[in-house]
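Trainee: I am new to this protein and would like to go through it with you. Could we look at it together?
Mentor: Certainly; please bring up your questions as they occur to you.

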Amino acid sequence: MTPEAEEATMPDDALRLSRYLRTRASETDPSGPLTLHRPDTDGPTVWFTHPVGGSLLAYHPLIQALGDHHSLGFEASLKTLDEGGRVASVQELARRYTDRLDDRAPRVDVLCGWSFGGALAWETGCLLAERGQRPAVVLLDSTWAERDYTHWTETEALNAFVRDARRTGGDDAEHTVGTEEEAAAVLGMDLDTFSERFAIFAHGRRLIGTWTPTPGDLDVVSVRAAASLTSDWRTVTTGSVRVVDLPGDHYGLLRPGANVNAIEEVVRSVSTPAAGATPVVGTAPAAGTAPAITPPATTPRPAVTADVDTATASADVDTVAPGAPVDENDLRAALADVVSAPAWRDLVVRARRMDADAIATAYRELGGRGLLTPDWPVEFGGAGLSTRLAIELFEGFCTTGLPDLVHALSVQIVGNFVLKSGSPRLRRELLPRLSRGEEFATVLYSEPRAGSDLAALRTRAERRGDRYVLNGVKVFSIYSDISGSALVAARTAQEGHKYDGITLFVIDLAADGVSVELVDTVQRERMCRVRLRDVEVDSWRMLGEEGQGWALLDGALAIERTGIDHVVRAQRWLRALRGADTRRTEGLERLQGQVECATTLARAATEVFLRADVKATDTAVAKLYTSETCQQVGHEVLRRWSSLEHASGLDDLTREELFSALTESPGLTLSAGTSEMMLATVAADLKVDAGRRCLDILHRFGDELVDTALDVLEPEGAAVRAAPLFAPSERRRTALADVLRDTGLDLAELPEDEGGLGLGLPVGCALSLSLGYLGYEHAYQPCPTAATRAGAGASPHCSCRPCRIRRAGYVLGLGIGLFRVAWEHACAREQFGRRLVDVDALMFPLIRGYAELTALGVRLHELADEDGTTGDTADTEGPLRRFELVAEDALVRVVRSAMQVLGAQGITEWSVASRYYLRCAEHLGTLDHRGTAPDE
């Protein structure tokens, strides 16, 4: 049966899926997550991992049966297999897929894989476990080789591929082929598509033939075909294992009928909480009373029920049902209960005045309800939920005014660092206490006369048997007086490079020889000097290997520099300022828009929390932008302090916030690395590949789409020469519009009912960004109103929300393109024996501009990702108007610094920089922050 004949018997949605998968040819990269089915209501999420042939079509009967589940999947492509070097193992392939996921992806409740897909599902689950998730894994006839891998001849491989493809489709007849052309004809594929799929199959077969599963701790249901080989998953996982044997052979498992129905029940049993189970969330305090300290609840692993026939399973295989997973909405409700209680505000005010009992009470209340570490593994007090939820809850309780650094230090920095790098005993003993809010932790890095130069450490750690003895002095640490543990950097050796010989420990601050002294400052948050005199530390409290602390410290600093604590403060301070000074000036509107950009950037940066390969450069831009934005809010308070200090009618919490803004803001660009250090870090990263970093901003809107747009637009635009070079060209605009139409890119954004592809406003924004990045005319005008205005001789700058977002994307693209031109010039030009790019005084303003462009890109994507057709309501107009204010202000600075770097060359008519400069001049004013666009 040919694919076309097979499709003729399919229901409509199966036909759509089949055609979709068959059209994913070699020029595309389908390796990102595909939505296979989205129910009308929120249901559990099942991720399907492709079998050896790379296609997801085999799962369609099961996806149909799970109609109330959100079904997604990974499909293979040669790009994923080859990008960065050919994939050498199933583990590496799983990592490439999981690296495509971010916090916007749904939480994975179940991973399901058949055959090779089972191996991929298991390895993906192990990687997700490293990120704090703990999905159930359903393995459909998945095994691993118990013998040496046997190589096939080309003919054997061709026939095996044909047999696998036909039997997967339900055709058990034998087909013998000798060439790729014959095989393609049997399968009804064009030769290019066949060649790609065959290459994926052959490589996947090599991967599975040499695969040995990674040991893990996930719960597994192993569904086996009676006629197939079996492997014992109890030798791989320490989680529960349930075996379900079904009749038939390997290929019969996923054919419609009794087997699919049984597998459906298996998936439902592990994706749905056990009947009658109660989520592990604390109860709300009675109204009008102080929040009670809820006894810490024991959070069990997600339940695995046994409502499927397992009569053929081995008697010694575990089947457990310890409780139900915690639901995200239950945690949100628990937080709302806590912060809405009348006693909470009083507790927060006392905590802001450094009442240690109030701080402890508040955090124990949050910890007892599971609100501090929902993204940590269950065994350490978490619920295995997403980092996105953890940040959402953190913002929720800290925007009420609760001191945020307590959580940032204890959980985000020390806790996450121990989670990734601590010994089993250290994790077991410390993390549950931090999770429950029963103990706080701090960091001890800085030393007298060393400041931010951590390589100048003089604190010594001497090995004595199975212990270390520490001696030294640490300064400028926060909350050490109320913390029980501290992350300490010390030297265990003096030889080698200055970064060698540094070792990290987590010490008990109550240990003999530790003394903590308060240091008076202008701010309320306590700084301390900590003296270590012959402090004995057990070796299990060491993080990583002796003398290898600098590499770990690099990752710890990245975690510390996401800026999420800065933006929470900025939000509170700005809210207090606007409440105290009701004048709504354009400056405050712009500042609020900048805080919104910083918040989006910080949230994106927090994905490093549970990554194993994090490095300091990953969050340097976020630290720079968020700390300086928060500091600007403090400067606004400073500017108005003489009137704010004596203002009447302000409540206690507002006064505390204003005083905090005044006194804490100077240190924001010093702690965790100064702004100058961040600029130097970003500069070093840009020197490696500035072009790639610029494209990273555009790729947020769709990497393949952006790359395709640039590939087709750049040569077409370059073929039209304007004289002078910076002059606008209607001929080029028309040529670019024709290319967009001829390639179908002009239809990508339009809804399907209007003849488009329905990919939404982010795709349209990507096209506008690409045109701006190339410095060409804004030839993408899908809005009929804009086209009508242009045809009538009026300004084409329509004031509808989608047009304003596309226009902002175009201007942002101009700024990124001009930055790239200036950076490349600085790398190539020398003066006084030095490259311009090495002159910090010249380059730092431009690098700061790059940070602003990055923040604008992240925020614009968030705005574009919202419904662009809702019209200019109060909820949508305000944020967009503020973004336009911020973008206009930032891009002026980018242009100014870029032109300074370019020097006289930048203003010559033959310089490409002049084209960017005058396109910016034409369009910056169209970032219409008043919500209307004047006619020309």
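Trainee: How many residues does α21 have, and how far does α21 reach from its first C-alpha to its last?
Mentor: Please note at the outset that this is a predicted model. Helix α21 has 13 residues and spans 18 Å between its first and last C-alpha, close to the 18 Å expected at 1.5 Å a residue.

Trainee: Is α21 mostly covered or mostly open?
Mentor: It is mostly covered, as 10 of the 13 residues in α21 are buried. Among them are Leu653, Leu658, Ala661 and Leu662, together with the charged residues Glu656, Glu657 and Glu664.

Trainee: What do those buried residues pack against?
Mentor: The buried residues of α21 pack against α12 (342–352), α18 and α20 (620–644).

Trainee: Which residue caps the N-terminal end of α21?
Mentor: Aspartate 651 does: one of its side-chain oxygens is 3.2 Å from the backbone nitrogen of leucine 653.

Trainee: Turning to empty space, how many cavities of 30 Å³ or more does the structure hold?
Mentor: There are 10 cavities of that kind. The largest cavity has a volume of about 90 Å³.

Trainee: What lines the largest cavity?
Mentor: Its lining consists of 13 residues, and those nearest the centre are Arg352, Glu525, Arg572, Ser660 and Glu664. Two elements, α18 (564–580) and α21 (652–664), give two or more residues to this lining. The helix we began with, α21, gives the most, with four residues.

Trainee: And how do the lining residues divide into nonpolar, polar and charged?
Mentor: Eight are charged, four are nonpolar and one is polar.

Trainee: New topic: arginine 732. Where is it, and is it buried or exposed?
Mentor: Arginine 732 belongs to helix α24, which covers residues 730–743. It counts as buried because its relative accessible area is 1%, and the cut-off for buried is under 20%.

Trainee: What does the side chain of arginine 732 make a polar contact with?
Mentor: One partner is the side chain of glutamate 777, at 2.8 Å. The arginine 732 side chain also reaches the backbone oxygen of valine 720, at 3.3 Å.

Trainee: Which residues is arginine 732 in contact with, leaving aside its neighbours within four places in sequence?
Mentor: They are Gly717, Val720, Ala722, Ala727, Tyr776, Glu777 and Arg915.

Trainee: How about arginine 463: where is its place?
Mentor: Arginine 463 is in strand β9, residues 460–464. With a relative accessible area of 44%, it is partly exposed.

Trainee: Which side chain does arginine 463 join through a polar contact of 2.8 Å?
Mentor: That of tyrosine 468. In addition, a polar atom of the arginine 463 side chain lies 2.7 Å from the backbone oxygen of glycine 465.

Trainee: What else does arginine 463 touch?
Mentor: Not counting residues up to four places away in sequence, arginine 463 touches Tyr468, Ser539 and Glu546. Serine 539 is 76 residues away in sequence, yet the two C-alpha atoms are 8.9 Å apart in space.

Trainee: I noticed positive phi values. What is phi near for serine 115 and phenylalanine 476?
Mentor: For serine 115, phi is near 60°, a positive value in a residue other than glycine. Phenylalanine 476 likewise has phi near 60°.

Trainee: Where does each of them lie?
Mentor: Serine 115 is in the loop between β4 (110–114) and α6 (116–130), while phenylalanine 476 is in strand β10, residues 467–478. Serine 115 is partly exposed, with a relative accessible area of 21%. Phenylalanine 476 is exposed, with a relative accessible area of 54%.

Trainee: One more helix, then: which residues of α17 are buried?
Mentor: Gly549, Leu553, Gly555, Ala556, Leu557, Ala558, Ile559 and Glu560 are the buried ones. Their cover includes α15 (404–421) and β12 (502–508).

Trainee: To finish, how many helices and strands does the protein come to?
Mentor: The secondary structure comes to 30 helices and 17 strands. Of the 936 residues in the protein, 56% are buried.

Note on methods:
Residues numbered from 1 in each chain as written. Predicted model: local features only at pLDDT ≥ 70, side-chain atom pairs only at ≥ 80, totals over all residues. Heavy atoms only, no water. Buried < 20%, exposed > 50% of the residue type's maximum accessible area, 1.4 Å probe, protein only. Polar contact = N/O pair within 3.5 Å; in protein donor to acceptor, adjacent residues only side chain to side chain. Contact = heavy atoms within 4.5 Å. 1 Å grid on protein atoms, 1.4 Å probe; cavity = no way out; pocket = protein on both sides within 12 Å on 5 of 7 lines; lining within 4 Å. Points joined across faces, edges and corners; volume = space filled by probe spheres on them. Expected span 1.5 Å × (residues − 1).
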